[in-house]
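Please look over the sequence and the structure shown below before reading on. The report that follows moves from single residues to the chain as a whole.

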Amino acid sequence: MAGTHKNGYGLVVNTSKIKEFKDLEKEEVKIATLQPGATTDLLFNLLIKQKGLARGKILAHTVRMNPAKQLLALRSGKVDAIFVPEHFTTLAAQLPGMKILAKCQDICPNMLGSFRTYWCWQNYFTKCYCWPSGI
């Protein structure tokens, strides 16, 4: 098992457009994350489910790009929220008008950070009981 960083992943938002999770459903709000099936995408979908948000509405205006491009897109205003791994979470939150709305520990309280091995996916999430079926 290999932990890559303490704080794991986070949703960073532009506070002028997003004040609460429900704002993510607004059609004019653009969100960026990694490709479907990536850790950030899985945690993002879990957050959507936990908050009782309309997954279809949110994914309709979600774009896919790597973390560095997400950071640049957030800074330039091309997107209003990003779901990224650390150190990008911390960097994005330091930009003017941005804040962390959710960290992976908010989504799965027992998660120790981010993990990059198949063993962790198979064992860790089943042990922490935070991974629902049918995302």
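## A first residue to look at

Does Lys17 count as buried, partly exposed or exposed, or, put another way, which of these words fits its relative accessibility? With a relative accessibility of 39%, Lys17 counts as partly exposed, where buried means under 20% relative accessible area, exposed means over 50%, and partly exposed lies in between, using a 1.4 Å probe and protein chains only.

This is a predicted model, in which local features need pLDDT of at least 70 and side-chain atom pairs count only at pLDDT 80 or more, while totals for chains, interfaces and linings use all residues. Residues are numbered from 1 along each chain as its sequence is written, and side-chain values use heavy atoms, with hydrogens and water left out.

## Confidence and overall layout

The predictor's confidence in each residue is given as pLDDT, on a scale from 0 to 100; the mean for the protein chain is 83, and 76% of its residues reach 70 or more. Helices (H or I, at least four residues) and strands (E, at least two) are DSSP runs numbered from the N terminus, and the protein chain has six helices and seven strands. Among these elements, strand S3 has the highest mean pLDDT, at 98, and helix H6 (residues 118-128) the lowest, at 45.

Over residues 115-129 pLDDT stays under 50, and for this stretch the model has 28 contacts beyond four places in sequence, a contact meaning heavy atoms within 4.5 Å. Buried residues make up 47% of the 135 residues in the protein chain.

## Strand S5 and its neighbours

All five of the five residues of strand S5 (residues 81-85) are buried, so this strand is largely enclosed by the rest of the structure. Both of its faces are covered, with Ala81, Phe83 and Pro85 buried on one side and Ile82 and Val84 buried on the other.

Two strands pair if DSSP finds at least two bridges between them. Strand S2 (residues 9-14) runs antiparallel to S5 and is joined to it by five bridges, and Val13 has Ala81 as its bridge partner in S5. Strand S3 (residues 31-33) runs parallel to S5 and is joined to it by two bridges, with Ile82 in S5 as the bridge partner of Ala32.

## Helix H1

Nine of the twelve residues of helix H1 are buried, so H1 is largely enclosed by the rest of the structure; among them are Leu43, Phe44, Leu46 and Leu47. Just after H1, Gly52 takes a positive phi of about 70°.

## Salt bridges

Side chains of opposite charge can pair when their charged atoms come close. A salt bridge is a side-chain nitrogen of Lys or Arg within 4 Å of a carboxyl oxygen of Asp or Glu, and a search of the whole structure finds four of them. In one, Asp80 pairs with Lys17, and the closest N and O atoms are 3.5 Å apart. Asp80 lies in the loop between helix H3 (67-76) and S5 and Lys17 in the loop between S2 and S3, so the pair ties together parts that are 63 residues apart in sequence. Asp80 is buried, with a relative accessible area of 3%.

In another, the side chains of Asp41 and Arg64 meet at 2.6 Å, N to O. This pair links distant parts of the chain, since Asp41 is in helix H1 and Arg64 in strand S4 (residues 62-64), 23 residues apart. Asp41 is buried at 5% relative accessible area, whereas Arg64 is partly exposed at 35%.
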